[in-house]
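Colleague: I have a few questions about this model before I go back to the bench. Can we take them one at a time?

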Amino acid sequence: MTGVSDHMLARADVSRRAALFGVATAAAMSPSIVRATGALSGFHDVRDYGAKGDGRTVDSDAINKAIMAASRAGGGTVIIPPGRYLSFSIRLQSHITLILAQGAVLEAADPTKHPGRYDPPEGVYEEQYVDYGLAHYHNSLIYGDGVSDVAVLGPGMIHGLGLRREGPGPKWHGVKGWVSPKARGMDPHEARLSDPAERAEEGKGNKALAFKNCRNILLRDITILQGGHFCLYALGCSGMTIDNLRVDTDRDGIDIDCCRDVKVSNCTVNAHKDDAIVLKSSYALERKVVCEDVTIIGCKTSGYALGTMLDGSYRLSDYRAPDDVGVLGRIKLGTDSVGGFRNILVTGCTCENSRGLQMGAIDGGTLEDVTFSDITMRNIVNHPIFVRLSVRNRAPRDAGVATVRRVRFDDINVSGANSRYACGVVGIEDGIIQDVTFSGVHVSSEGGGTAADAALEPPERRNSSLEPSFMKTFPAHGLYVRHAQRIAAVDCSFVTEKPDARPAILFDNQSSGFVSGLRSQHAPEEAVVARNGGRVKAVDTVQLG
């Protein structure tokens with residue numbers, strides 16, 4: 001089963017009922033579950049340990065005292081009742097359920113304004129292949145490191161007001177001018193603190209929720225506003241369920257990195273300046289770890305202005321990413337792909353006013369057996385669907401060329417797509433993507449492409465990141481394929497509001513594929529085109545009036 005155990009879910013449910021309605025009521029509502037889980041033992045109200053909840057007092061010491069008291073008793077439920085609680089780092093322990101009650105707001109304190117500091121960063125390496133925010137977890141508002149059987153439950157709110165949203169970048173052999181700590185005669189910690197940008201982060205927090213090397217974790221019914229650089233980051237975890245979170249933030253929303261058996265369900269994530277839900281396989285654990293057996297079900301992602309998802313106004317953001325394409329807010333696999341991805345399912349989701357579905361392997365590793373199905377997408381600012389393979393290789397020197405194979409897109413409906421950007425499957429000459437299927441994919445875009453656009457040769461960039469914006473306007477308006485084999489498009493439609501001189505589908509640079517049942521405004525011989533050694537068999541193309 002993907003996610004936490006049934007026992008954990010039942011225990012968390014009873015603990016939450018007890019916090020909301022009282023112990024006696026919870027016992028009456030679920031007597032058999034109470035007997036089976038023992039969930040009504042060990043309740044700890046943080047006010048009994050000195051928390052004020054007045055929005056002025058820093059309450060993290062009191063909250064941590066309550067957690068440690070529950071831990072010493074063998075586990076229990078820690079309740080944060082209604083109020084506004086300023087806090088620095090909260091350290092979760094095994095067998096703890098932390099409940100933010102209705103009306104409770106946990107506010108991330110700001111060390112430049114409030115007395116106190118976040119826990120110092122851990123995990124200092126000779127060569128750091130990831131950003132500061134991925135390398136360290138103890139400098140978070142709530143974190144668990146190596147814990148198991150933990151739940152953090154709502155319906156209260158986390159407000160990451162005092163969290164950082166930026167941080168230093170990676171330090172590895174691919175960075176110009178990088179010299180290893182050993183070569184500089186320093187240990188990694190000394191080398192880190194010799195960097196003014198790193199020193200400036202000491203005592204500051206950058207994540208709302210962080211879990212590293214944890215097992216059997218449940219996060220449910222929490223609202224998070226302004227979650228820091230990474231709102232929720234899970235690294236090297238297994239057996240994790242993330243359900244019914246409402247996230248409205250201005251950097252990353254939910255990040256699942258090097259994890260196994262994870263279920264993300266019924267979450268709404270608005271993240272106009274970064275990715276909403278993203279899977280990674282980084283080198284933050286100093287070894288290659290596959291991210292696998294992950295399901296994302298029934299979620300909604302978007303890129304509206306900060307706070308306007310939670311207040312219901314859904315105001316358009318004026319943010320322009322560094323590539324000047326627009327907002328982000330998407331579902332993505334592969335910002336880091338050192339270990340690769342396997343057995344991933346994304347289904348029943350809605351993506352609105354955001355970038356499109358994006359995935360690939362660019363740091364070595366293998367991406368395989370990935371399915372996206374039953375997705376509705378509206379007003380997508382770039383490529384609705386994009387699969388990429390390149391050799392950025394932010395990884396150990398032996399990373400090699402990645403592999404991407406066996407990817408499916410089923411029953412995906414896209415409206416309001418940007419006419420410059422088609423769907424894409426793009427590898428490199430020595431990294432051929434294989435076996436990608438589009439079935440029941442329907443894309444409606446503005447159109448207006450010219451004959452000059454149809455003749456374009458998108459630039460090759462072997463060492464690019466996952467972002468495909470450097471390729472600019474595509475020479476097809478529906479699907480562009482390059483350095484990829486056995487690509488199939490079955491019962492798909494690519495239509496435009498304005499006439500478009502580009503083909504609906506183009507197979508380029510030694511690509512091969514099969515197209516059946518395409519619906520296009522072009523005549524069959526103009527709808528599907530191959531060039532530069534590309535090969536395609538197209539049957540049953542229907543020209544729309």
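**Pockets, chain and one loop residue**

Colleague: Which class, nonpolar, polar or charged, has 15 residues in the lining of the largest pocket?
Modeller: Keep in mind that this is a predicted model. The lining of the largest pocket has eight nonpolar and five polar residues. The class with 15 residues is charged.

Colleague: Which residues lie closest to the centre of the largest pocket?
Modeller: The largest pocket holds about 650 Å³ of space. It is lined by 28 residues. The closest to its centre are Asp 131, Arg 251, Asp 274, Lys 332 and Thr 335.

Colleague: Which element gives the largest share of that pocket's lining?
Modeller: The share in question is three residues. They come from a strand that covers residues 331-337. That strand is β23.

Colleague: What volume does the second largest pocket have?
Modeller: Its lining counts 19 residues. Nearest its centre are Lys 171, Trp 178, Pro 181, Arg 184 and Ala 191. The volume is about 240 Å³.

Colleague: And which element gives the largest share of the second largest pocket's lining?
Modeller: By class, that lining has nine nonpolar, three polar and seven charged residues. The largest share from one element is three residues, from 188-193. The element is helix α6.

Colleague: Is Asp 318 buried or exposed?
Modeller: Asp 318 sits in the loop between β22 (300-302) and β23. Its relative accessibility is 73%, and the cut-off for exposed is over 50%. Therefore Asp 318 counts as exposed.

Colleague: How many Å separate the C-alpha atoms of Asp 318 and Ile 297?
Modeller: Along the chain, Asp 318 and Ile 297 are 21 residues apart. In space, their C-alpha atoms are separated by 29 Å.

Colleague: Why does the radius of gyration of the protein chain agree with a compact globule?
Modeller: The chain has 545 residues, and a compact globule of that length would have a radius near 24 Å. The C-alpha trace spans about 75 × 65 × 40 Å along its principal axes. The radius agrees because the chain's own value is 24 Å.

Colleague: What percentage of the residues in the protein chain are buried?
Modeller: The secondary structure comes to nine helices and 40 strands. Among contacts between residues at least 6 apart in sequence, 72% join residues at least 24 apart. Of the 545 residues, the buried ones make up 60%.

Colleague: What share of the accessible surface belongs to carbon and sulfur atoms?
Modeller: The accessible surface of the protein chain comes to about 19,400 Å². The carbon and sulfur share is 47%.

Notes
Residues numbered from 1 in each chain as written. Predicted model: local features only at pLDDT ≥ 70, side-chain atom pairs only at ≥ 80, totals over all residues. Heavy atoms only, no water. 1 Å grid on protein atoms, 1.4 Å probe; cavity = no way out; pocket = protein on both sides within 12 Å on 5 of 7 lines; lining within 4 Å. Points joined across faces, edges and corners; volume = space filled by probe spheres on them. Helix = DSSP H or I, 4+ residues; strand = E, 2+ residues; numbered from the N terminus. Nonpolar A, V, L, I, M, F, W, Y, C, P; charged D, E, K, R; others polar. Buried < 20%, exposed > 50% of the residue type's maximum accessible area, 1.4 Å probe, protein only. Rg over C-alpha atoms; globule rule 2.2 N^0.38 Å. Contact = heavy atoms within 4.5 Å. Areas by Shrake-Rupley, 256 points an atom, 1.4 Å probe, with all protein chains shown as cover.
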